[in-house]
Amino acid sequence: MNSTEHTAPQPEGPAPGRKFFVDTTAPTTATTATTAQNGFDVFRSAWESQIGEALPLPPWEPVGSGEFRVRVRAFKVHDTVISGVHGELMAGGTRGASHHLEDRVLVHVMGRGVWRFVSPRDRDETAVPAGQFIVRHNGPPARFEVAPHSSAKVLILPAAPLGPLIRDRATAGPADSPELRLLMAHTEIVEATLDDLTPAGAEAARNALLELVKGVLMRTFDDTEPLLAPALTQAAREIADRLLTDPDLSPATLARELKVSVRTLHRAFAETDDSVAGYIRRRRLEQSRLELTAPGTRLTVSEIAARWQFADSSHFIRAFKKEYGQTPADYARSQK
C-alpha cells in the first residue's frame with residue numbers, strides 16, 4: 001500500500017486545531033507495500049499533530065494480515081471529537097491492560113457496512129450493522145473488525161458525565177430512533193458552524209452533545225432543555241425534507257416522529273426564521289421550482305401542484321408568485 005497523508009488546512013481565527021483529515025486508503029502496489037501497523041502509524045502521527053495529545057490514541061495492534069486503510073474527517077469540540085470514518089480495510093485491537101482512552105465513551109453510528117467488537121474476556125462479539133448505533137465505554141481493551149468499505153459517524157466523549165448511565169454495558173439500537181436523530185442533527189450543526197464558535201460556544205456545543213448522548217442512553221430526552229432546541233429543529237427539517245410529497249406531512253407528524261409535543265416543536269422553531277408549517281411550505285415551493293425547469297420535464301403546473309401537496313393549482317400559483325414574484329408558467333418561460 002502506498003500510504004499517503006493529506007492534511008486539511010487549519011482554520012484561521014478562533015478555532016486552531018479543531019479540524020482533522022487523514023487518508024491512508026491509497027491502493028497497495030507490488031513495490032511499495034505498507035503494513036497495517038505502518039498505516040496506523042501514519043494515522044496516529046496525523047492525529048497527534050492535528051488533534052493534539054489531549055485526546056491521545058491508544059496502543060494498537062493489527063489482527064491477521066489485513067491492512068489499515070482508512071479515511072477520517074474529524075472535528076474537535078472542547079474535549080470531544082466528532083468524526084466521519086470510512087474504512088476500506090481495518091481490523092485490530094488495543095494493547096495492554098489499560099490505555100489513555102479508558103476514560104472515554106465512544107458512539108458508533110453505522111451508515112454502511114458492519115463494525116464488530118470482540119471482548120477479550122469472554123470473546124463475546126457485538127456486530128453493529130448499517131442503520132444501527134452502539135454507545136460503549138472504551139475499556140477494557142477490545143478487538144474490533146470493520147467490514148470493507150464501511151462508514152460510520154464516531155463520537156469520542158468524556159466518560160465522567162456519562163459513566164453513571166453507561167457503566168460497563170453497551171447500549172445499541174436503531175439509528176432512526178428520535179434520540180439518535182437529535183444527536184446526529186446536533187453534530188451536523190456543530191460541523192457547519194465550527195469555525196465561528198468561540199471557546200464558550202464550543203463548550204456549549206459540547207454540553208448539548210453530552211445531553212443528547214444521555215438521551216440516547218436513557219431512550220428519552222428533556223424536550224424543555226433550551227440547548228436542545230437547535231438539534232430538534234434540524235432533526236425535524238431533515239424528516240420533513242424526506243416526506244415533502246407525503247400528504248400527511250404536518251407539524252403533528254414531525255412531533256410524533258421525534259416523540260415531542262407539537263407545542264415543543266413550535267417552541268423550537270420560534271427561534272428560527274420559519275414556523276414548522278412555513279418551513280414545509282417553503283421547501284415544497286423550492287422543489288416545485290426545480291421541477292418546473294428540470295430537463296425533460298413534461299409535468300403541467302397542475303401536476304406539479306398535486307405532487308408537492310398544494311390544495312389545487314390556484315393555491316399553488318398564488319403561493320409561488322408570493323415567494324418568487326412570478327407565476328409558475330412565467331418562471332418556467334424565463335428560465336429557457
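1. Pairing of S6 and S9. In this predicted model, strand S6 (residues 114–118) runs antiparallel to strand S9, and four bridges join the pair. One of the residue pairs can be named: Val118 has Arg143 of S9 as its bridge partner.

2. Faces of S9. Strand S9 spans residues 143–146 and presents two faces. Phe144 and Val146 form the covered face, whereas Arg143 and Glu145 lie on the uncovered one. In a regular strand, side chains alternate between the two faces of the sheet. Arg143, the bridge partner of Val118, thus belongs to the uncovered face of S9.

3. Thr80 in strand S4. Thr80 lies in strand S4, which covers residues 80–94. Is Thr80 buried or exposed? Thr80 counts as buried because its relative accessibility is 0%, the cut-off for burial being under 20%. The Thr80 side chain makes a polar approach to the backbone oxygen of Val77, at 2.7 Å. Beyond the neighbours within four places in sequence, Thr80 is in contact with Leu55, Phe75, Ile156, Leu157, Pro158, Arg206 and Leu209.

4. Helix H7. Thr264, Leu265, Ala268 and Phe269 are the buried residues of helix H7 (residues 262–269). They sit on the same side of H7, because they cover an arc of only 135 degrees around the axis. An α-helix has 3.6 residues a turn, so residues three or four places apart point the same way. The partners against which the buried residues of H7 pack are helix H5 (229–242), helix H6 (251–258) and H8.

5. Helix H10, geometry and buried side. Helix H10 comprises twelve residues, 313–324. From first C-alpha to last, H10 reaches 16 Å, close to the 16 Å expected at 1.5 Å a residue. Which residues of H10 are buried? They are Phe316, Ala319 and Phe320. These residues lie on the same side of H10, because the arc they cover around the axis is only 100 degrees. The cover over the buried residues of H10 includes helix H8 (276–292), helix H9 (301–307) and helix H11 (328–334).

6. Helix H10, outward face. Arg318 and Lys322 are exposed, and they are carried on the face of H10 turned away from its buried side. His315 also lies in H10. With a relative accessible area of 31%, His315 is partly exposed; the partly exposed class lies between the 20% and 50% cut-offs. His315 and Ala305 are ten residues apart in sequence, with their C-alpha atoms 8.4 Å apart in space.

7. Helix H10, ends. What caps the N-terminal end of H10? The cap is Asp312, with a side-chain oxygen 3.1 Å from the backbone nitrogen of Ser314. Just after the helix, Gly325 adopts a positive phi of about 80 degrees.

8. The chain as a whole. The protein chain holds eleven helices and eleven strands. Of its 336 residues, 47% are buried. Among contacts between residues at least 6 apart in sequence, 71% join residues at least 24 apart. The accessible surface of the chain comes to about 16400 Å², and carbon and sulfur atoms account for 50% of that surface.

Definitions and conventions: Residues are numbered from 1 along each chain as its sequence is written. This is a predicted model: local features need pLDDT of at least 70, side-chain atom pairs count only at pLDDT 80 or more; totals for chains, interfaces and linings use all residues. Side-chain values use heavy atoms; hydrogens and water are left out. The expected span of a helix is 1.5 Å times one less than its number of residues. Buried means under 20% relative accessible area, exposed over 50%, partly exposed in between (1.4 Å probe, protein chains only). The arc is that of the directions from the helix axis to the C-beta atoms. Contact means heavy atoms within 4.5 Å. A polar contact is a pair of N or O atoms within 3.5 Å; within protein, one must be able to donate a hydrogen and the other to accept it, and residues adjacent in sequence count only if both atoms are side-chain atoms. Two strands pair if DSSP finds at least two bridges between them. Accessible areas come from the Shrake-Rupley method with a 1.4 Å probe; for residues, only the protein chains shown count as cover.
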